[in-house]
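Thank you all for coming. I would like to walk through one model this morning, going from a metal site outwards to the elements around it, so please keep the structure open in front of you.

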Amino acid sequence: MTSELHLHLDGSMRIKTLIELARHDGIKLSSYEPDELLEQIKFKQGMTQEECLNAFSTTLSVMQTKYAISRIAYEICEDQRNKGIDYAEIRYCPFLHQQNGLRIEEIVSSVHNGLSMGEKDFGIKTAQIFCALRHENEEHSIALADLACYFSKRYPEYKIAGFDLACAEANNPPWRHDKAFEIVKNAGLKTTVHAGEVPESFYYLRYAICTMGADRIGHGTLLIKDEMLMESAKRLGTTIECCVTSNVHTGIIKSVEEHPAKKLFDRGVKIAFCADNTLLSQTTAEKEYRIAKKFLGFSDKELEKVKKYSDEARFR
Ligand SMILES: [Zn+2]
């Protein structure tokens with residue numbers, strides 16, 4: 001058993017659920033055949049990060065009701081538990097579920113309802129992470145930061161444990177969202193930042209680690225390029241959420257074998273393997289650990305240590 005620290009709610013539903021919800025709510029999909037639809041929306045090697053993000057418009061189209069949100073959160077619990085996960089942090093941006101007028105309170109409580117039912121039925125522990133969207137302006141992330149603080153204080157049972165910065169990284173520097181991160185950190189929330197996931201984002205990665213002081217980094221693939229920054233990550237105890245399959249899809253590495261996870265690990269940087277999106281990336285944390293053994297040269301003992309890092313980096 002181990003933890004799943006990096007899992008997007010809107011990229012991790014079952015394909016059959018996506019189709020059922022679309023049929024139920026009269027939402028148009030490009031196909032209603034599971035295999036065909038999956039082939040159309042799943043991430044593929046050579047896609048750009050922007051193209052990957054476009055696939056989310058399909059999944060989000062069916063995630064605009066309380067029932068759909070709760071059901072997807074619930075099923076994620078079952079799927080994760082069946083794949084050896086006993087603790088999962090589910091991340092999402094509440095603002096993306098307002099296409100049909102749901103209130104933020106309804107969205108956050110729907111995620112909570114699904115997760116808490118899943119916890120009871122499947123014996124898993126969960127927490128929520130709010131994702132600020134990096135291409136949006138400062139007001140957007142500040143509003144979300146305020147909501148994260150509100151819900152964590154007013155509804156501790158919702159287990160809002162952390163705050164993230166997500167979405168297309170290119171040309172969207174993290175410093176635009178300094179204020180939001182200051183707000184959540186002052187409220188005692190933990191932070192993670194998607195960074196170093198695309199070429200030319202090295203300075204964003206350095207900023208996220210050294211200036212924002214993120215507890216964890218999503219991807220961080222470019223960290224291997226700089227000895228001093230690796231040293232900083234080690235000293236600060238930053239954990240890198242490695243999503244190998246996802247990184248091949250978005251193209252920051254050309255093949256699984258090129259992933260720097262083992263080099264980072266050997267230098268003493270704390271890493272954890274994560275899925276990113278079980279539907280769109282067609283992987284799970286369990287599969288990522290298997291990939292690490294088969295293609296990156298990790299021994300079983302080393303993978304046990306990675307799982308320990310992962311457990312230690314939980315936000316709750
Ligand atoms: Zn991600």
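In sequence, the donor residues of the zinc ion follow the spacing H-x1-H-x185-H-x81-D. I should say straight away that this is a predicted model, so everything I describe is computed from predicted coordinates. The residues behind that pattern are His6, His8 and His194, each of which coordinates the zinc ion through NE2, together with Asp276, which does so through OD, and the distances run from 2.1 to 2.3 Å. What do the angles say about the geometry of the site of the zinc ion? Among the four donor atoms they range from 80 to 165°, and the site is irregular.

Now, where do these donors sit? Histidine 8 belongs to strand 1, whereas aspartate 276 is in the loop between strand 8 and helix 12, which covers 285-295, so this pair ties together parts that are 268 residues apart in sequence. Are histidine 8 and aspartate 276 buried or exposed? Both histidine 8 and aspartate 276 are buried.

That brings me to the sheet. Eight strands make up an open sheet, with parallel pairing, in the order 1-2-3-4-5-6-7-8. Its edges are strand 1, residues 2-8, and strand 8, residues 270-273, each of which pairs on one side only. From one strand to the next, the twist averages 25°.

Let me go through some of the pairings, beginning at the edge with strand 1. Strand 1 runs parallel to strand 2 and is joined to it by five bridges, and within that pairing serine 3 has tyrosine 87, in strand 2, as its bridge partner. On to strand 3, residues 125-133, which pairs with strand 2 in the parallel sense over six bridges; here alanine 88 stands opposite threonine 126 of strand 3. Strand 2 itself, residues 85-92, has seven of its eight residues buried, and it is therefore largely enclosed by the rest of the structure.

Further along the order we come to strand 4, residues 160-166, and strand 5, residues 190-195, which run parallel and are joined by four bridges. Two of the partners can be named: phenylalanine 163 is matched with threonine 191 in strand 5, and aspartate 164 is matched with threonine 192, also in strand 5. Why can we call strand 5 largely enclosed by the rest of the structure? Because five of its six residues are buried. Lying across strand 5 and strand 6, the latter being residues 216-219, is helix 8, residues 202-211, which runs at about 170° to strand 5.

Two backbone details deserve a look while we are in this region. Lysine 159, in the loop between helix 6, residues 138-154, and strand 4, has a positive phi of about 55° although it is not a glycine, and at 17% relative accessibility this lysine counts as buried. Histidine 219, in strand 6, also has a positive phi without being a glycine, in its case near 80°, and histidine 219 is buried as well, with a relative accessible area of 1%.

Just after strand 6, in the loop that leads to helix 9, residues 227-236, we find threonine 221. Threonine 221 is buried, its relative accessible area being 4%, and, leaving aside residues up to four places away in sequence, it touches Ala195, Gly196, Asn247, Ile252, Ile253, His259 and Pro260.

Finally, the cysteines. How many disulfides does a search of the whole structure find? The search finds zero. For cysteine 167, the closest cysteine sulfur is that of cysteine 93, and at 8.0 Å it is too far for a bond; cysteine 167 counts as partly exposed, with 22% relative accessibility. Cysteine 243 is likewise in no disulfide, the nearest cysteine sulfur, in cysteine 274, being 5.0 Å away, and cysteine 243 is buried at a relative accessible area of 0%.

One last item, towards the end of the chain, is lysine 305 in helix 13, residues 300-312. Lysine 305 counts as partly exposed, at 43% relative accessibility, and its C-alpha is 9.4 Å from that of alanine 272, although the two residues are 33 apart in sequence.

Terms used. Residues are numbered from 1 along each chain as its sequence is written. This is a predicted model: local features need pLDDT of at least 70, side-chain atom pairs count only at pLDDT 80 or more; totals for chains, interfaces and linings use all residues. Side-chain values use heavy atoms; hydrogens and water are left out. Two strands pair if DSSP finds at least two bridges between them. Axes are lines fitted to C-alpha atoms, for helices over the stretch in contact, and angles run from 0 to 180 degrees between N-to-C directions. Contact means heavy atoms within 4.5 Å. A disulfide is a pair of cysteine sulfur atoms within 2.5 Å. Buried means under 20% relative accessible area, exposed over 50%, partly exposed in between (1.4 Å probe, protein chains only). Donors are N, O and S atoms within 2.8 Å of the metal (3.2 Å for Na, K and Ca); water is not among the atoms, so sites may look incomplete. Four donors count as tetrahedral if all angles lie between 85 and 135 degrees; four count as square planar and six as octahedral if opposite donors are over 155 degrees apart and all others between 65 and 115; anything else is irregular.
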